[in-house]
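Please walk through this structure with me, starting from its aromatic rings and going on to its strands, a helix and its cysteines.

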Amino acid sequence: MNAEVIKTFRNTPVSGKIIIKQIGDFADTAKRLASMERSGEIIRLKRGLYVVDGSDFGFPPSMPICSNHIYGPSYVSLQWALSYYGLIPERVYSMTAVTVKRSRDFSNKLGRFTYIQVPEEYFHIGISTAMNDGANFLIATREKALCDMILADPYVPNLSIIALKRYLEEDLRFDTDELEHFDTEIIRQCAECGRKKSTLTNLIKIIEQL
């Protein structure tokens, strides 16, 4: 694959048909894609979807960008987003995301991609964009990522203020000093959707006490 083709695709996932059309090789699509995958020119993200490895040209495959394309509609959130914002100390290597579709996992050469299902009315709250390696991707705001974490964690029931503080500080090791900069309106909208409403309401109370 020549440099111009790589620069055309950059790090945006595309179908195998688009790749073959761009390089002009129609002899045997399946064999050509398999050959390119073996050589490392492309990475298969899931059946029919690939990303070109343009690392040598400044366009390395991007986990968050790929996440948006592998299963959608979705946005990056949960542990990965909290780590991205520097709100938890651990570096997260697997990609975590939220979707309106059923929960699913995908694994490929880049790693593991996990998607958690949420109601559609909740999904659309607190979504932002960020840039990675020259391309934009959808990601939860800091507030929404924390709400997603609380709602998705099966070990978190409705928590009192004291229990919630303990969960943030001890379980998540969350940087609670950053809470004073949080937009409580986003959390309030999430709480109004009904899931773990009392816990999210208590999160607002913790922030308002700072």
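In this predicted model, a search of the whole structure turns up 9 aromatic pairs. A pair of aromatic rings is described by the distance of the centres and the angle of the planes. Take Y71 and F106: their ring centres are 5.5 Å apart and the planes meet at 50°, so this pair is tilted. The two rings come from distant parts of the chain, 35 residues apart. Y71 sits in the loop between α4 (63–70) and β4 (74–76), while F106 belongs to strand β6 (residues 104–108). Both Y71 and F106 are buried.

Y75 and F123 form another pair, with centres 5.0 Å apart and planes at 50°, so these rings are tilted as well. Here too distant parts of the chain are linked: Y75 lies in strand β4 and F123 in helix α6 (residues 120–123), with 48 residues of separation. Buried means under 20% relative accessible area. Y75 has a relative accessible area of 0%, so Y75 is buried. F123, at 5%, therefore counts as buried too.

Two further ring features can be found elsewhere. W80, Y84, Y85 and F137 are joined into a cluster by ring pairs. Y122 has a charged neighbour: K144 lies over the face of its ring, at 4.5 Å from the ring centre.

Next come the strands. An open sheet of 3 strands is arranged in the order β1-β3-β2, and the pairing is antiparallel. Its edge strands are β1 and β2, each of which pairs on one side only. Strand β1 (residues 14–15) is joined to β3 by 2 bridges, and within this antiparallel pair S15 stands opposite L49. On the other pairing, 4 bridges join strand β2 (residues 42–46) to β3. There K46 stands opposite L49, and I42 stands opposite V52. L49 of β3 thus faces a residue of each neighbouring strand, S15 and K46.

What lies between β2 and β3 along the chain? The two strands form a hairpin with 2 residues between them. In the turn, G48 has a positive phi of about 85°.

The side chains of β3 (residues 49–52) alternate in direction. L49 and V51 point one way, Y50 and V52 point the other way, and all of them are buried.

Helix α4, which precedes the loop that holds Y71, can be considered next. How much of α4 is buried? The count is 7 of its 8 residues, so the helix is largely enclosed by the rest of the structure. The buried residues are M63, P64, I65, C66, S67, N68 and I70.

The cysteines are the last topic. A disulfide is a covalent bond between the sulfur atoms of two cysteines. How many disulfides does a search of the whole structure find? The search finds 0. The cut-off for a disulfide is a pair of cysteine sulfur atoms within 2.5 Å. For C147, the closest cysteine sulfur is in C190, and it is 4.0 Å away, which is too far for a bond. C193 also has its closest cysteine sulfur in C190, but at 6.5 Å, again too far for a bond.

The surroundings of C147 and C193 can be described by their accessibility. C147 is buried, with a relative accessible area of 0%. C193 has a relative accessibility of 27%, so C193 counts as partly exposed.

Note on methods: Residues are numbered from 1 along each chain as its sequence is written. This is a predicted model: local features need pLDDT of at least 70, side-chain atom pairs count only at pLDDT 80 or more; totals for chains, interfaces and linings use all residues. Side-chain values use heavy atoms; hydrogens and water are left out. Rings of Phe, Tyr and Trp (its six-membered ring) pair if their centres lie within 6.5 Å; planes under 30 degrees apart count as stacked, over 60 as edge-to-face and the rest as tilted. Buried means under 20% relative accessible area, exposed over 50%, partly exposed in between (1.4 Å probe, protein chains only). A charge sits over a ring if NZ of Lys or CZ of Arg is within 6 Å of the ring centre and within 35 degrees of the ring normal. Two strands pair if DSSP finds at least two bridges between them.
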